[in-house]
Amino acid sequence: MEAQLEYGNWIRKRNLLILGFCALGMGALLFIPLGFLYHLIVAILFVILLLSFLFPLYAYMTFSQKGGGLQEKFYTLIIQSLGHEVKGRILDIGSGNGVLAVKLAQHHQEVEVVGMDFWGEDWEYSKTVCEKNAKIGKVENRVYFQKGDAAKLDFATESFDGATSNLTFHEVKSVADKKSVLQEALRVIKSGGTFAFIDYFFDAKYYGDRSEVETFLIGLNLAHFEYKPLRELITIPTLLNHPKILGKVGIIYGKK
Ligand SMILES: C[S@@+](CC[C@H](N)C(=O)[O-])C[C@H]1O[C@@H](n2cnc3c(N)ncnc32)[C@H](O)[C@@H]1O
């Protein structure tokens with residue numbers, strides 16, 4: 001069987017396992033014969049823990065390639081939004097396991113892709129898996145990975161022909177206003193270069209309200225940009241479209 005790309009998942013397996021074992025442990029406590037009140041309290045806690053496990057499990061399955069493939073849909077949308085005339089060197093910011101970088105290179109046979117990430121301990125992604133994925137995808141001669149910080153990219157101004165990023169900017173802890181992470185991403189793109197970024201662009205907690213983001217984007221004097229909620233472009237299952245999950249995710253794409 002041909003090796004498959006290792007996607008990883010936006011839901012951390014470690015967290016799922018902890019929740020699963022806690023629910024299981026609470027379920028086991030139900031078998032101790034300690035009276036009605038004890039059983040009532042334990043039963044309520046068990047239901048709460050079970051739901052706290054089942055919902056992320058559902059999200060995990062929906063994101064996963066073996067389930068709903070929602071992660072893949074995000075990558076496809078980014079690649080499509082980047083347009084047909086992609087050339088030169090593209091930067092993918094917050095590469096995770098590098099799947100978007102690999103797919104970009106597979107889609108555009110002429111491009112070189114640099115994937116960068118912090119690869120901190122919070123996440124179950126690594127540079128090693130990125131490099132393995134590039135080999136599996138047979139693009140290891142055009143896809144490179146390097147560690148860095150999206151808040152301050154280690155690349156010269158206007159050194160890339162395009163840039164992509166998926167669900168990373170809001171994760172940059174050192175910067176409160178994530179608009180500056182977006183601006184940093186745009187800095188490294190050449191004039192006329194293309195970009196497509198997905199993030200919580202409609203969450204005021206990270207970016208300010210919608211009009212603030214629009215004013216900011218207009219102020220950047222980009223040749224062209226689109227700023228849209230993701231649910232207008234891809235089908236997000238109702239439960240995951242909640243504002244606390246993917247409801248405030250949007251895409252910003254265009255030309256510098
Ligand atoms: C939700 S994951 C998305 C990963 C990948 N883009 C994907 O779609 O699978 C967020 C990523 O942001 C990365 N990240 C967090 N803070 C970062 C920073 N300051 N600079 C670069 N990457 C960062 C994490 O390591 C993680 O890989």
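In this predicted model, Tyr227 is buried, with a relative accessible area of 7%, a value that falls under the 20% limit applied to buried residues. Phe202 is likewise classed as buried, at a relative accessible area of 19%. The ring centres of Phe202 and Tyr227 lie 4.4 Å apart and the ring planes meet at 0°, so the two side chains form a stacked pair. Because Phe202 belongs to the loop between strand S5 (189-199) and helix H7 (204-207), whereas Tyr227 belongs to strand S6 (residues 224-229), the pair ties together parts of the chain that are 25 residues apart in sequence.

The count of aromatic pairs in the model comes to 12. One of them joins Phe155 and Phe160, whose ring centres are 5.0 Å apart and whose planes stand at 85°, so this pair is edge-to-face. Both Phe155 and Phe160 are buried. Phe160 also has a charged neighbour, since Arg89 lies over the face of its ring at 4.1 Å from the ring centre. A further arrangement of this kind places Lys147 over the face of Phe118, at 5.9 Å from the ring centre. In addition, a single aromatic cluster is formed by Phe169, Phe195, Phe197, Phe201 and Tyr207.

Phe197, a member of that cluster, is also, together with Phe74 and Leu91, among the residues with the most contacts inside the largest nonpolar core, which has 76 residues. When residues up to four places away in sequence are left out, Phe74 touches Trp10, Asn166, Leu167, Ile198, Leu230, Ile234, Leu246 and Val249.

How values were computed
Residues are numbered from 1 along each chain as its sequence is written. This is a predicted model: local features need pLDDT of at least 70, side-chain atom pairs count only at pLDDT 80 or more; totals for chains, interfaces and linings use all residues. Side-chain values use heavy atoms; hydrogens and water are left out. A nonpolar core is a set of buried Ala, Val, Leu, Ile, Met, Phe, Trp, Tyr and Cys residues joined through side-chain atoms within 4.5 Å. Buried means under 20% relative accessible area, exposed over 50%, partly exposed in between (1.4 Å probe, protein chains only). Contact means heavy atoms within 4.5 Å. Rings of Phe, Tyr and Trp (its six-membered ring) pair if their centres lie within 6.5 Å; planes under 30 degrees apart count as stacked, over 60 as edge-to-face and the rest as tilted. Helices (H or I, at least four residues) and strands (E, at least two) are DSSP runs, numbered from the N terminus. A charge sits over a ring if NZ of Lys or CZ of Arg is within 6 Å of the ring centre and within 35 degrees of the ring normal.
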